Every structure is written in structure tokens, then in C-alpha cells.
Amino acid sequence: MAQKIDLHTHSTASDGIYSPTDLLHLAQQAQIGTLALTDHDTTDGVVEAAAAAAALNIDFIPGIEINTDVSGGEVHMLGYFLEYEQPAFQNILKVLREARILRGQRMVELLNAEGVEISWARVRELAQGAVGRPHVAKALMEAGYVQSIGEAFDKYIGKGCPAYVPRYKLTPLDAVHLITSANGLPVIAHPIGLPGLVELRKWLPELTSAGLVGLETYYGPYTPEEEQQLRTLADEYDLIPTGGTDFHGPGIHPTQLGGRHVPVEAVERLKAEAAKRHGRIPPRFELPAPVEEK
Ligand SMILES: [Zn+2]
Ligand SMILES: [Zn+2]
């Protein structure tokens with residue numbers, strides 16, 4: 001049986017449920033031959049994941065997922081085959097994570113003002129790393145205010161809710177530049193949805209000339225029609241159709257680890273592209289000053 005591929009997963013280094021080592025053990029059980037770890041705004045899980053992958057004979061790709069803001073929604077940018085140990089790159093990630101922490105803290109303050117008693121200390125404990133909204137959601141569940149992560153987003157921390165706090169802004173182009181500053185390969189994550197393919201089409205020329213290499217096409221819940229639309233778009237811009245499940249743990253995303261077919265060609269093309277970029281002097285990246293929305 002051909003081995004499975006999953007190029008979009010999260011661990012406890014960001015908002016996943018499983019440690020990098022546990023994630024790799026699950027990958028082995030799921031007969032995954034190639035796995036990328038793409039935690040939000042951090043590569044802190046990559047060293048542990050790489051060691052576990054080597055022990056289990058799984059082909060491992062160091063990755064990241066950077067959240068960016070556009071009018072009308074968010075765009076997530078995956079980065080693959082990063083030279084993640086570069087100090088300038090790590091410094092920028094640290095600034096981004098600190099911005100996230102401030103956001104999490106503000107959400108807790110707003111919840112407290114609403115009479116919801118969860119503590120920032122507990123949220124940080126639950127995160128054990130980069131703090132994200134799922135950790136606030138978990139604290140809400142644990143304290144009995146909601147029954148599920150989804151309900152926490154619907155009632156308290158989703159857009160338009162009492163404790164929603166906007167993110168610090170990074171554009172998709174910033175994320176492409178950030179990833180290429182570590183000689184990584186930028187790929188737009190789950191491109192369908194907000195802000196939609198029409199908007200996306202407008203940005204693709206600029207993003208591809210800045211170094212974008214792929215579109216996440218074989219994504220967890222996408223229908224065959226959506227997959228086809230994205231394959232067509234990828235072909236048009238000579239982008240690599242990649243794929244993965246966005247696995248965070250049970251009950252967060254509907255697709256199980258390795259549960260979406262990703263063609264081996266996606267990995268082969270990424271590797272060929274990585275070989276061209278690695279070892280070169282990367283372009284420098286300057287983080288734009290953080291500006292809070294509203
Ligand atoms: Zn995402
Ligand atoms: Zn993700």
C-alpha cells in the first residue's frame with residue numbers, strides 16, 4: 001500500500017493537542033510516509049518532530065503556518081523546507097508570538113469583564129507555547145461555560161463576539177517575504193472561503209513574483225469541485241497543488257491525520273523547488289510595525 005502524505009499538521013508547539021513526538025507516532029499508525037509540521041507562527045516543534053520522524057523512518061518536512069489579515073478575512077500562509085534556525089527569522093517569529101500573547105491576554109480581560117471567570121495563567125498553561133484562540137476556548141470549556149471549542153468561538157471569541165480581539169496585521173505578501181527570508185517555500189493554505197477565489201486571483205501575480213510556490217488544493221474537507229477549481233488555478237500560475245488535513249487533534253478539524261489523499265508529485269515538486277533555494281543568501285525581511293484593527 002502506498003504511504004500517505006500529510007503536509008498540514010499542528011502540535012502542542014502551537015494549538016495542536018499532541019506533542020510533536022506523539023503526532024509522529026500517530027502518523028506512523030496512520031501509515032503516513034511524509035509529514036510536514038506547520039505550527040502557527042513557530043518552528044519550536046520542528047526539532048523534536050524531526051527526531052521522532054527519523055526514528056520512525058518517516059520523511060519529515062519542517063514547516064510553519066503564518067496568519068495574515070486581508071479585508072474581509074484571513075489568509076493563512078504555509079511555509080515548507082524552512083532554514084528555520086536562522087536568527088533573523090526566529091527573532092521575527094518571536095515578535096509575532098508576543099503580539100499573539102497580548103491578544104490572548106486582552107481576550108481574557110474582556111471575558112472577565114463579561115463575568116466569565118477564566119484566568120490568563122490557565123490559558124497559558126493550556127497553550128504550553130504559542131497562545132491561540134483554541135486555548136482560550138479550552139479554558140472556557142474547562143470552566144464549564146461552553147460544551148465545545150466551536151461553541152466558544154460562536155459565543156465568545158469569534159468575530160463579532162464580546163471577547164473578540166483583532167489580530168496584529170501581516171499581509172499575505174509580508175508572509176511570503178517572511179518565509180522566503182528563511183529560504184522556505186510559501187504556499188497559500190486552504191484558499192477557499194474568505195476572502196474567496198475572486199480576490200485570490202487578484203493577488204496571485206504579485207504573490208507568485210514574490211516567491212509563492214503553491215496552493216493548498218487537497219485540503220481536508222474540500223469537495224472534488226473545489227479541488228478541481230484550485231488545480232486549474234494552480235496550473236494557470238504554475239503553482240504546486242499541495243495538500244493536508246490541518247490536523248490539530250480529535251474534534252477540532254473534521255479530517256483525521258493523513259485522511260486526505262495528496263499526490264506524491266506535490267512532495268517531489270516542493271523538494272525540487274527547495275533544492276533551488278537552499279543555501280543561497282536569503283532576502284532580508286523587515287516586520288511592519290504592529291497596528292491593531294479598530
Ligand atoms: Zn489555517
Ligand atoms: Zn493549520
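**Exercise 1.** Is phenylalanine 247 buried or exposed? Establish the state of its aromatic partner as well.

*Solution.* The structure is a predicted model. Phenylalanine 247 has a relative accessible area of 3%. Buried means under 20%, so phenylalanine 247 is buried. The partner in the aromatic pair is tyrosine 18. Tyrosine 18 has a relative accessibility of 24% and therefore counts as partly exposed.

**Exercise 2.** Determine how the rings of tyrosine 18 and phenylalanine 247 are arranged, and which parts of the chain they join.

*Solution.* A search of the whole structure yields 2 aromatic pairs. In the pair of tyrosine 18 and phenylalanine 247, the ring centres are 6.1 Å apart and the planes are at 5° to each other. Planes under 30 degrees apart count as stacked, and this pair is accordingly stacked. For the location, tyrosine 18 belongs to the loop between β1 (4-6) and α1 (20-29). Phenylalanine 247 belongs to the loop between β7 (240-244) and α10 (264-277). The pair therefore ties together parts that are 229 residues apart in sequence.

**Exercise 3.** Identify the protein donors of the zinc ion (ligand 1) and describe their placement along the chain.

*Solution.* The protein donors are Glu65 (OE), His76 (ND1) and His190 (NE2), which lie 2.1 Å from the zinc ion (ligand 1). Along the chain, these donors follow the spacing E-x10-H-x113-H. Histidine 76 is in strand β4 (residues 73-80), whereas histidine 190 is in the loop between β5 (185-188) and α8 (197-210). These two histidines are 114 residues apart and link distant parts of the chain. Both histidine 76 and histidine 190 are buried.

**Exercise 4.** Which residues coordinate the zinc ion (ligand 2), and why is the arrangement of its donor atoms irregular?

*Solution.* The coordinating residues are His8 (NE2), His10 (NE2), Glu65 (OE) and Asp246 (OD), at 2.1 Å. Their spacing along the chain is H-x1-H-x54-E-x180-D. Histidine 8 is buried, with a relative accessible area of 0%, and histidine 10 likewise counts as buried at 0% relative accessibility. The next step concerns the angles. A tetrahedral arrangement requires all angles to lie between 85 and 135 degrees. The 4 donor atoms around the zinc ion (ligand 2) subtend angles of 80 to 175°, which makes the arrangement irregular.

**Exercise 5.** What residue bridges the zinc ion (ligand 1) and the zinc ion (ligand 2), and how far apart do the ions lie?

*Solution.* Glu65 is named among the donors of the zinc ion (ligand 1) and among those of the zinc ion (ligand 2). Glutamate 65 thus bridges the two ions, which are 3.5 Å apart.

Conventions:
Residues are numbered from 1 along each chain as its sequence is written. Chains are lettered from A and ligands numbered from 1 in the order in which they are written. This is a predicted model: local features need pLDDT of at least 70, side-chain atom pairs count only at pLDDT 80 or more; totals for chains, interfaces and linings use all residues. Side-chain values use heavy atoms; hydrogens and water are left out. Rings of Phe, Tyr and Trp (its six-membered ring) pair if their centres lie within 6.5 Å; planes under 30 degrees apart count as stacked, over 60 as edge-to-face and the rest as tilted. Helices (H or I, at least four residues) and strands (E, at least two) are DSSP runs, numbered from the N terminus. Buried means under 20% relative accessible area, exposed over 50%, partly exposed in between (1.4 Å probe, protein chains only). Donors are N, O and S atoms within 2.8 Å of the metal (3.2 Å for Na, K and Ca); water is not among the atoms, so sites may look incomplete. Four donors count as tetrahedral if all angles lie between 85 and 135 degrees; four count as square planar and six as octahedral if opposite donors are over 155 degrees apart and all others between 65 and 115; anything else is irregular.
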